[in-house]
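Student: Please take a close look at how one helix sits among the others, and start with the terms I need. I would like one connected account.

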Amino acid sequence: MSETGDAGLPEPVQVSAAAGLPEPGKVAAVVEEAFREEWGRVVATLIRLTGDWDLAEECAQDAFARALARWPRDGVPRRPGAWLTTAARNRALDRLRRGTTEAARLRALAATPMGPDAEPAEEYGEEHAEEDRVPDDRLRLMFTCCHPALPLEAQVALTLRTLAGLTTGEIAAAFMVPETTMAQRLVRAKRKIRNAGIPYRVPPAHLLAERTAGVLGVLYVLFTEGYSASGGPSPARPEPAAEAIRLARVLAGLMPHEPEALGLLALMLLQDSRRAARFDEAGDIVTLESQDRTRWDHDEIEEGLRLLDDALTRRRPGPYQVQAAVAACHATALDPDDTDWPQIAGLYAQLARLAPSPVVELNRAVAVAMADGPLAGLRLVDELRAGGALAGHHLLAATRADLLRRLGRTADAAQAYREALALAPTDAERRYLARRIAETGGA
């Protein structure tokens, strides 16, 4: 039991099956949902209050562990986020009391209101007038992580670990590097922030541009992890994707004249518009050409198209605007045959010039295959394969398999599908690839 015990914790809602609330045995799922929704808010608040990144993460983890132990007995709080923030804050207070931290920081933390109705992320004084333009700690945390003193990849990785609660393995998968390499990058980034005294704040307007690339990169990877999970039983994680869209809206409001901020939000909305049609009732993948387009969210499509038009009128093209234009080609096609594949292939060629990467080249190969035939696409895929940059990436093998299937080379296609199956990170993708193997007669 901590020294502060349960002081200040919000009142729980009693758990009972009769009340329609989770039974004790199901509380783990409730805590898991709270982790997805509240981790970033709790950690960001504690970093602001303590200035200690490692302490913030440790105390947040402790709060979730306490929830797992307490909620089956006492009930799930009406506001889980407030309960978790209070518990984490109490734990941090205990740790600081036992440590050698300066008295001023301890007094500031002890004085912070953390009751059930408190909004700790919004308690600011006159000295925080600059930050008042940004309405929550999570976006402030992004700008802190994305300080130009840190390498761009470290900026993105640190924010995803601290804000989104992604594991080191998940972040490593997003960057296609070994987990040990990513762990070292995270340690170095935290050390740099501490040793350089990088402040937890939003920079003044004239310095926002130097952090824009990092913040946009964080939001993009966060959305991508939600849209297509890097691992686990589910092929998608709606919560990170929704959080990325929410924060992208805040950022676009903060930087209304930055076309890439508008382009990124447009891209997210256009991609997210297909969410309801991407999987069937069994959770299996429905390919783009087979999706029921009446289930697409046409309000999101219209908003995304408006944002993209706004961004393009500024005549400063960037990678997110180009990707949004690709998504717009799909979103505006009434059926698969209406898709303008030559236009998409041209857009990927432009993207390869703006932001060259093997993944961009793989997407371009798919577009070329659709525009000029599978043999033309296969040549590009085999060039990528020979280069080795996407070795171990299941989408390279899966794309190659699909092109071989379309060319009637079923035995080669089955072998390529088996390679992809061995590398696929989610259960849904493995089921999809297994079906493809069976269809080629290679089971």
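Tutor: An axis here is a line fitted to C-alpha atoms, for a helix over the stretch in contact, and the angle between two axes runs from 0 to 180 degrees between their N-to-C directions. The model is predicted.

A pair of helices shows how the term is used. The axes of helix 17 (residues 394-406) and helix 18 (residues 410-423) come within 8 Å, with a crossing angle of roughly 160 degrees. Angles over 145 degrees count as roughly antiparallel, and therefore helix 17 and helix 18 are described as roughly antiparallel to each other. The crossing of helix 17 past helix 18 is left-handed. On the helix 17 side, the contact is made by His394, Ala397, Ala398, Arg400, Ala401, Asp402, Leu404 and Arg405. On the helix 18 side, the residues are Asp412, Ala413, Ala416, Tyr417, Glu419, Ala420 and Leu423.

Now the part for the close look: helix 13. Helix 13 covers residues 319-331, which is 13 residues. At 1.5 Å a residue, these should span 18 Å, and the end C-alpha atoms are 18 Å apart, so expectation and model agree.

Is helix 13 largely enclosed or largely open? Of its 13 residues, 12 are buried, so the rest of the structure largely encloses helix 13. A residue counts as buried when its relative accessible area is under 20%. The buried residues are Tyr320, Gln321, Val322, Gln323, Ala324, Ala325, Val326, Ala327, Ala328, Cys329, His330 and Ala331. Among the elements that cover them are helix 9 (209-227), helix 11 (259-272), helix 12 (298-312) and helix 14 (341-354).

One of these covering elements, helix 12, can be followed in detail. Helix 12 and helix 13 have axes 10 Å apart and pack at an angle of about 140 degrees. That angle makes helix 12 oblique to helix 13. Helix 12 passes helix 13 in a left-handed crossing. From helix 12, the contact involves Ile301, Leu305, Leu308, Ala311 and Leu312. From helix 13, it involves Gln321, Ala324, Ala325, Ala328 and Ala331, and those five also appear among the buried residues of helix 13.

The loop between helix 12 and helix 13 contains arginine 315. With a relative accessible area of 74%, arginine 315 is exposed. Its phi is near 55 degrees, a positive value in a residue other than glycine. Most residues other than glycine have a negative phi.

Another pair can be set beside this one. Helix 5 (residues 137-145) and helix 6 (residues 152-162) have axes that come within 9 Å and cross at roughly 150 degrees. They are therefore roughly antiparallel, and helix 5 passes helix 6 in a right-handed crossing. Leu141, Met142 and Cys145 of helix 5 meet Gln155, Leu158, Thr159 and Thr162 of helix 6.

Two further arginines help to place other helices. Arginine 36 is found in helix 1 (residues 27-50) and counts as partly exposed, at 32% relative accessibility. Arginine 237 lies 201 residues away from arginine 36 in sequence, but their C-alpha atoms are 9.4 Å apart in space. Arginine 435 belongs to helix 19 (residues 427-439), and it is partly exposed, with a relative accessible area of 32%. Not counting residues up to four places away in sequence, arginine 435 touches Asp284 and Ile285. The C-alpha atoms of arginine 435 and tyrosine 417 are separated by 9.7 Å, with the two positions 18 residues apart along the chain. Tyrosine 417 was met above, on the helix 18 side of the contact with helix 17.

The whole chain gives the setting for helix 13. Its secondary structure comes to 19 helices and 2 strands. Buried residues make up 51% of the 443 residues. Of the contacts with a separation of 6 or more, 64% join residues 24 or more positions apart.

Last comes confidence. The chain averages a pLDDT of 82, and 83% of the residues score at least 70. Over residues 1-5 the pLDDT is below 50, and this stretch has 11 contacts in the model beyond near neighbours in sequence. Residues 113-133 also have a pLDDT below 50, with 46 contacts in the model beyond near neighbours in sequence.

Conventions:
Residues are numbered from 1 along each chain as its sequence is written. This is a predicted model: local features need pLDDT of at least 70, side-chain atom pairs count only at pLDDT 80 or more; totals for chains, interfaces and linings use all residues. Side-chain values use heavy atoms; hydrogens and water are left out. Helices (H or I, at least four residues) and strands (E, at least two) are DSSP runs, numbered from the N terminus. The expected span of a helix is 1.5 Å times one less than its number of residues. Buried means under 20% relative accessible area, exposed over 50%, partly exposed in between (1.4 Å probe, protein chains only). Contact means heavy atoms within 4.5 Å. pLDDT is the predictor's confidence in each residue, from 0 to 100. Angles under 35 degrees count as roughly parallel, over 145 as roughly antiparallel, 65 to 115 as roughly perpendicular and the rest as oblique. A crossing is left-handed if the near helix is turned anticlockwise from the far one by less than a right angle, and right-handed if clockwise.
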